[in-house]
Amino acid sequence: MSDASPIVTAPLPFADAVGMLRAVAEETRLRILALLADGELSVTDLTDILGQSQPRISRHLKLLVEAGLVERHREGAWAFFRLREASIGLIDPVISGLDRETPPLSEDRARLDAVRELRAESAQAFFARLAPKWDRLRSLHVPEATVEAAVLKALGDRPIRSLIDLGTGTGRMLGLLAPLAARATGLDSSHAMLSVARANLEQAGLARVDLRQGDIHAPPFGRGSFDLVVVHQVLHYLDDPARALREAARLVAPGGRLLVVDFAPHSLESLRETQAHRRLGFAADQVSNWLVEAGLDHVEHRDIAPTDGTEHPLTVTLWLAEEISVAALNSERAVA
């Protein structure tokens with residue numbers, strides 16, 4: 001995410017800063033923070049890297065969480081830890097000032113690389129089992145690179161402060177858009193898919209993307225938390241896509257946008273059996289109406305079809321909607 005504006009954090013109260021710095025002033029906890037600066041890790045990851053017992057690592061993590069330096073989130077039976085955003089302004093200068101080319105930090109980094117390599121191998125094995133099915137689906141529509149180019153064109157060069165990809169799957173959209181955002185989050189209900197996304201993003205140098213396990217129908221985030229919400233190739237798997245879009249719209253910040261990418265209506269009934277599709281595409285007006293009913297202003301929809309003369313049974317449609325109050329204000333200013 002180096003191309004985006006840096007995250008701006010609020011100044012810390014003096015007492016909070018003192019507590020944080022006290023928590024940092026211990027060897028193992030400082031090593032943990034240096035590791036978490038490169039991305040979220042589980043207790044098991046940290047136990048393997050630091051060579052310490054699980055109870056001891058858990059105790060240090062508890063102290064770091066209580067000090068406000070680290071936050072914890074569940075992913076099935078797993079718990080992952082990451083640097084707390086509010087503390088980054090205080091802690092980043094400390095971590096960046098460390099010499100990571102000498103022990104113990106150089107040794108920690110080598111073991112972190114080994115943990116990530118094992119994670120990538122596991123993710124690739126999982127993906128290999130699904131690849132034939134996904135290759136079949138990809139062969140039915142325009143290349144993904146064409147769709148991704150259309151996504152980037154639709155979004156333009158408007159700054160992205162905070163991004164969430166709902167139903168992130170393998171993290172492909174995060175790989176495309178996270179480098180443009182100051183803060184990026186992915187949500188998926190599947191721990192296995194999040195493991196694939198985590199490995200893919202780490203290999204792309206995007207290890208500090210926040211990945212969360214959760215239900216797209218009830219995302220665990222407050223109203224207006226993100227200025228770009230993405231729902232990419234997810235709706236056709238859902239029993240209640242309109243509800244999912246209402247929840248997605250709830251997350252859009254004032255002046256923010258919601259991007260939806262899915263299939264236009266089609267008649268490939270086989271996809272219900274072979275790909276677990278619940279819906280056979282969506283009419284442009286249907287999704288547009290759902291977006292308006294959810295409190296957004298429909299800005300644009302575009303059908304993405306092949307340009308090389310080939311025929312594909314599936315057409316991909318892109319919808320982009322904006323938070324309605326700001327869109328209305330811009331319209332009034334244009335008329336004036």
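1. In this predicted model, L187 of strand β5 has R212 as its bridge partner in β6. The two strands run parallel and are joined by four bridges, with β6 covering residues 210–213. The connection between them passes through a helix, since β5, α9 and β6 make a right-handed β-α-β unit. L187 also appears among the members of a separate, second core of 28 residues, which includes A244, W290 and L296 as well.

2. On the other pairing of β5, six bridges join this strand to β4, and here too the strands run parallel. Within this pairing, L163 stands opposite A184 of β5. The stretch formed by β4, α8 and β5 is again a right-handed β-α-β unit. As for its surroundings, β5 is mostly covered, with seven of its eight residues buried. For readers tracing the backbone, it may help to recall that strands of a sheet pair through backbone hydrogen bonds, in either a parallel or an antiparallel sense.

3. Which residues have the most contacts inside the largest nonpolar core? They are V151, L163, L177, V209, L228 and L259, in a core that has 34 residues. At least two residues of this core come from each of α7 (144–155), β4 (160–166), α8 (172–177), β5 (181–188), α9 (191–203), β7 (226–232), β8 (252–263) and β10 (316–323). The largest share, five residues, is supplied by α7. As a general remark, nonpolar side chains in soluble globular proteins tend to be buried together.

4. L177 deserves a separate entry, as one of the residues with the most contacts inside that core. Leaving aside residues up to four places away in sequence, L177 touches V151, L152 and L155, and also L163, L228 and V230.

5. A further sheet, open and built from three strands, has the order β1-β3-β2 with antiparallel pairing. Because β1 (41–42) and β2 (70–75) stand at its edges with a single partner strand each, one side of each is left without a neighbour in the sheet. The pairing of β1 with β3, which spans residues 78–83, is antiparallel and rests on two bridges. In that pairing, S42 stands opposite F80 of β3.

6. F80 recurs when the aromatic rings are considered, where the count comes to three pairs. In one of them, the ring centres of W78 and F80 are 6.3 Å apart and the planes lie at 20 degrees, so the pair is stacked. Are these two residues buried or exposed? F80 is buried, with a relative accessible area of 4%, whereas W78, at 37% relative accessibility, counts as partly exposed. F80 also takes part in a contact with a charge, for the charged end of R198 sits over its ring, 4.0 Å from the centre.

7. A second aromatic pair is formed by F221 and F226, whose ring centres are 5.4 Å apart and whose planes are at 85 degrees, so the arrangement is edge-to-face. F226 is buried at a relative accessible area of 1%, and F221 is buried as well, with a value of 14%.

8. Some backbone features merit a check by eye, given that most residues other than glycine have a negative phi and most peptide bonds are trans. The peptide bond from P103 to P104 is cis, with omega near 0 degrees, and P104 lies in the loop between α5 (88–96) and α6. Q233, although not a glycine, has a positive phi of about 50 degrees; this residue lies in the loop between β7 and α10 (241–250) and counts as buried at 16% relative accessibility. A276 likewise has a positive phi, near 65 degrees, in a residue other than glycine. A276 belongs to the loop between α11 (270–274) and α12 (284–293), and is partly exposed, with a relative accessible area of 45%.

9. Finally, A114 lies in helix α6, which covers residues 105–138. A114 is partly exposed, with a relative accessible area of 39%. Although A114 and I49 are 65 residues apart in sequence, their C-alpha atoms are 8.8 Å apart in space.

Technical notes
Residues numbered from 1 in each chain as written. Predicted model: local features only at pLDDT ≥ 70, side-chain atom pairs only at ≥ 80, totals over all residues. Heavy atoms only, no water. Core = buried A, V, L, I, M, F, W, Y, C linked by side-chain atoms within 4.5 Å. Buried < 20%, exposed > 50% of the residue type's maximum accessible area, 1.4 Å probe, protein only. Contact = heavy atoms within 4.5 Å. Phe/Tyr/Trp six-rings, centres within 6.5 Å; stacked < 30°, edge-to-face > 60°. Lys NZ or Arg CZ within 6 Å of the ring centre and 35° of its normal. Pairing = 2+ DSSP bridges. Right-handed = clockwise from strand over helix to strand, strands pointing away.
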